[in-house]
Amino acid sequence: MSLKELIEIAKNYLSKTTTNDVEIKVLTSLLAILFGNDLILSVLVMLLIVIDFITGIIKAMVKKENIESHKFRKTVLKIYVYYSLIITLGIVDYMTKLNIFSRIGYAFVALTEGKSIVENLILIYPPIENIKEKLKWWKSNGNSSKTSQS
């Protein structure tokens, strides 16, 4: 039996249950989020967190800062908070029969982690900031995606 079939069975069961079976609904929503259509997004978010963690360690080494265990615990806490947000939004998606709220959560986490990775990279290799300035020049000269479309 495939995972998609299990999710379909759970959805079928949920449609027949009363609202008193909250635990089952939460569990199946959690399974659907983590192993359903959003599995790729879930893995990509974890990949961004790992990249941010690695660039953070490299940044600390470049700046000759001590690598302390409480910073490692912050990463674990960050994973917990991010996935709690995504799971909660997935439950909202399930209740509203939409598939937009968890995607917004994934986008928020990806943008947050992406910004952190770029900040770490700028501190690791300062010439990267020059690229940012060149991009501003490129856009100010009418080369944005909006003006290049016909």
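**View 1. Overall fold of the predicted model.** Of the 150 residues of the protein, 21% count as buried, and this value, like the others in these legends, comes from a predicted model. The protein has seven helices and zero strands, so that a reader who follows the chain along its sequence meets the pattern α-α-α-α-α-α-α.

**View 2. A nonpolar patch on the surface.** Ile40, Leu44, Leu47 and Ile51 together make a nonpolar surface patch of about 360 Å². One of these residues, Ile51, is found in helix 3, the helix that covers residues 39-62. Is Ile51 buried, partly exposed or exposed? With a relative accessible area of 33%, Ile51 counts as partly exposed, because that term is used for residues that are neither under 20%, which would be buried, nor over 50%, which would be exposed.

**View 3. The second largest pocket and its lining.** The second largest pocket has a volume of about 440 Å³, and its lining consists of 19 residues, among which Phe53, Gly56, Ile57, Lys71 and Thr75 lie nearest the centre of the pocket. Two or more residues of this lining are given by each of helix 3, helix 4 (69-96) and helix 5 (101-124).

**View 4. What the pocket lining is made of.** Which helix gives the most to the lining of the second largest pocket? Helix 3 does, with seven residues, and this is also the helix in which Ile51 of the surface patch is found. When the lining residues are sorted by kind, eight are charged, six are nonpolar and five are polar.

Definitions and conventions:
Residues are numbered from 1 along each chain as its sequence is written. This is a predicted model: local features need pLDDT of at least 70, side-chain atom pairs count only at pLDDT 80 or more; totals for chains, interfaces and linings use all residues. Side-chain values use heavy atoms; hydrogens and water are left out. Patches are made of residues with over 30% relative accessible area and no salt bridge: like charges are joined within 9 Å, nonpolar side chains (Val, Leu, Ile, Met, Phe, Trp, Tyr) within 5 Å. Accessible areas come from the Shrake-Rupley method with a 1.4 Å probe; for residues, only the protein chains shown count as cover. A salt bridge is a side-chain nitrogen of Lys or Arg within 4 Å of a carboxyl oxygen of Asp or Glu. Helices (H or I, at least four residues) and strands (E, at least two) are DSSP runs, numbered from the N terminus. Buried means under 20% relative accessible area, exposed over 50%, partly exposed in between (1.4 Å probe, protein chains only). On a 1 Å grid over the protein atoms alone, a cavity is a set of points where a 1.4 Å probe fits but cannot get out, and a pocket is an open set with protein on both sides within 12 Å along at least five of seven lines; lining residues have an atom within 4 Å of a point. Grid points are joined across faces, edges and corners, and a volume is the space filled by probe spheres set on the points. Ala, Val, Leu, Ile, Met, Phe, Trp, Tyr, Cys and Pro count as nonpolar, Asp, Glu, Lys and Arg as charged, and the others, Gly among them, as polar.
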